[in-house]
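User: I'm at home with gels and columns, less so with models. Could you walk me through reading one, feature by feature?

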Amino acid sequence: MYDIRGVAEPKTVEEALEVLDKNSDLTIISGGTDVLVKLHEGRMENLDLVSIREIKELEAISMLENGDIEIGSRASFTDIFRSEIINKHLGVLAEAAVSMGGPQIRNIATIGGNVCNGAVSGDSAPTLFALNTKLKLKSKNRERIVPISEFYAGPGIVNIDSNELLLSLIIEKKDYENAKGNYIKFATRKAMDISIMGVSVVVKVKGNKFNDVRIALGVAGPTPIRCSEAEKLAENLEVNEGNMKLIAHKALEASKAIDFWNASKAYKDHLIDELVYRALKESVKRLGGK
């Protein structure tokens with residue numbers, strides 16, 4: 001059923017990095033909700049796996065001394081949407097986490113796996129983009145911090161070396177403080193379905209004007225996308241219905257959607273226009289606006 005040649009099960013990060021350093025042809029597995037499905041379907045074969053399931057230090061969700069929030073790569077989606085830290089400061093990420101799969105999947109699937117899988121339909125990706133998330137990657141000989149916008153290289157392709165491990169995801173205080181957001185997943189069914197479109201918006205308002213607007217799209221191109229032109233347009237605009245619709249329409253310029261089996265380009269563009277507007281409106285409401 002599963003074409004697996006062997007499985008290494010390190011108990012610490014150091015052990016895992018030692019294993020990865022000695023063999024460049026290893027596949028890291030955590031929850032297994034992606035890798036095992038691909039194996040079962042014959043899309044992966046002859047794998048040597050490195051299971052990081054026993055590395056408990058990668059499960060932590062914590063606030064650092066400087067106010068930044070660090071999420072271990074092995075934190076499950078259930079861990080995330082139940083975390084007091086996440087719900088208090090990153091409600092939009094909790095919203096994205098609970099939209100992912102069903103309870104059984106959320107209990108085992110990890111945010112690190114979701115990111116490293118590189119799927120444009122990943123439910124965490126748009127929100128992580130909108131939060132300017134940084135990724136902490138480590139190999140035996142070096143550690144580096146990579147903006148998530150530089151991590152996705154193409155459909156299912158991410159910029160991680162074969163000897164590297166994703167340790168954690170970091171959201172800086174300046175990117176969540178005084179901000180509210182909204183994640184909207186549009187799918188054929190309300191649960192247990194892959195996104196046709198995912199939209200995440202993070203907003204700051206000052207004096208009834210948009211002070212900071214970040215808009216990210218999933219399933220609108222080969223990688224998750226930030227709507228930079230719409231974000232620029234939003235700067236210092238008065239918060240009102242007309243301007244929110246204007247910003248949402250401008251977000252279409254970032255779309256690289258194509259006709260696909262699940263929806264046409266025209267339908268996806270309609271979803272972007274409508275869902276960005278809805279997410280902006282809800283974000284403003286959560287900030288105490290109308």
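Analyst: Sure, let's start with a small loop spot. Not counting residues up to four places away in sequence, Ala-60 touches Glu-70, Ile-71 and Gly-72. Keep in mind that this is a predicted model.

User: Where is Ala-60 found?

Analyst: Ala-60 sits in the loop between β3 (47-51) and β4 (61-63). The C-alpha atoms of Ala-60 and Ser-73 are 13 residues apart along the chain and separated by 8.5 Å.

User: Is Ala-60 buried or exposed?

Analyst: In between. Buried means under 20% relative accessible area and exposed means over 50%. Ala-60 has 41% relative accessibility, so it counts as partly exposed.

User: Let's zoom out. How many helices and strands are there in the chain?

Analyst: The chain has 12 helices and 14 strands. Its radius of gyration is 19 Å, close to the 19 Å that the globule rule gives for 290 residues, so the chain is as compact as a globular protein of that length. Along the principal axes, the C-alpha atoms fill a box of roughly 60 × 45 × 30 Å.

User: What share of the residues count as buried?

Analyst: Of the 290 residues, 50% do. The chain exposes about 13800 Å², and carbon and sulfur atoms supply 49% of that area. For charge, take the mean positions of the 39 positive and 41 negative charges: they are 5 Å apart.

User: And how do I read contacts along the sequence?

Analyst: Look at how far apart the partners are in the chain. Among contacts between residues at least 6 apart in sequence, 61% join residues at least 24 apart.

User: Now a helix, please. How does α12 compare with the span expected at 1.5 Å a residue?

Analyst: Helix α12 covers residues 265-286, which is 22 residues. From first C-alpha to last, α12 reaches 31 Å, close to the 32 Å expected.

User: How do I work out which way its residues point?

Analyst: Here's the general idea: an α-helix has 3.6 residues a turn, so residues three or four places apart point the same way. Now the case here. The buried residues of α12 include Lys-268, Leu-271, Ile-272, Leu-275, Val-276, Ala-279, Leu-280 and Ser-283. Charged Asp-269 is also on the buried list, as are Tyr-277 and Val-284.

User: What do those buried residues pack against?

Analyst: Three strands and a helix: β11 (180-186), β12 (197-206), β13 (209-218) and α11 (241-250).

User: Can you show me that packing from the α11 side?

Analyst: Take Met-244, which lies in helix α11. Leaving out residues up to four places away, Met-244 touches Phe-210, Tyr-277, Leu-280, Lys-281 and Val-284. Its relative accessible area is 2%, so Met-244 is buried. Met-244 and Val-276 are 32 residues apart in sequence, and their C-alpha atoms are 8.5 Å apart in space.

User: And from the strand side: what does Phe-186 touch?

Analyst: Phe-186 lies in strand β11. Beyond residues up to four places away, Phe-186 touches Ser-195, Ile-196, Met-197, Tyr-267, Leu-271 and Leu-275. Phe-186 is partly exposed, with a relative accessible area of 26%. From Phe-186 to Tyr-277 the C-alpha separation is 14 Å, with the two residues 91 apart along the chain.

User: I'd like to try a charged residue too. Is Glu-231 buried or exposed?

Analyst: Buried: Glu-231 has 11% relative accessibility. Glu-231 is found in helix α10 (residues 228-234). Setting aside neighbours within four places, Glu-231 is in contact with Val-213, Arg-214, Ile-215 and Arg-226.

User: Last topic: backbone angles. Where do I find positive phi values?

Analyst: Look at glycines and at loops here. Just after α12, Gly-288 takes a positive phi of about 100 degrees. Asn-132 is a residue other than glycine with a positive phi, near 55 degrees. Asn-132 is in the loop between α8 (125-130) and β6 (134-138), and is partly exposed at 24% relative accessible area.

User: What about Val-219: what is its phi, and is the residue buried or exposed?

Analyst: Phi of Val-219 is near 60 degrees, again a positive value in a residue other than glycine. Val-219 is found in the loop between β13 and β14 (225-226). With a relative accessible area of 11%, Val-219 is buried.

Definitions and conventions: Residues are numbered from 1 along each chain as its sequence is written. This is a predicted model: local features need pLDDT of at least 70, side-chain atom pairs count only at pLDDT 80 or more; totals for chains, interfaces and linings use all residues. Side-chain values use heavy atoms; hydrogens and water are left out. Helices (H or I, at least four residues) and strands (E, at least two) are DSSP runs, numbered from the N terminus. The expected span of a helix is 1.5 Å times one less than its number of residues. Buried means under 20% relative accessible area, exposed over 50%, partly exposed in between (1.4 Å probe, protein chains only). Contact means heavy atoms within 4.5 Å. The radius of gyration is taken over C-alpha atoms; the globule rule is 2.2 Å times the number of residues to the power 0.38. Accessible areas come from the Shrake-Rupley method with a 1.4 Å probe; for residues, only the protein chains shown count as cover. Lys and Arg count as positive and Asp and Glu as negative; His and the chain ends are not counted. The place of a charge is taken as NZ of Lys, CZ of Arg, CG of Asp or CD of Glu.
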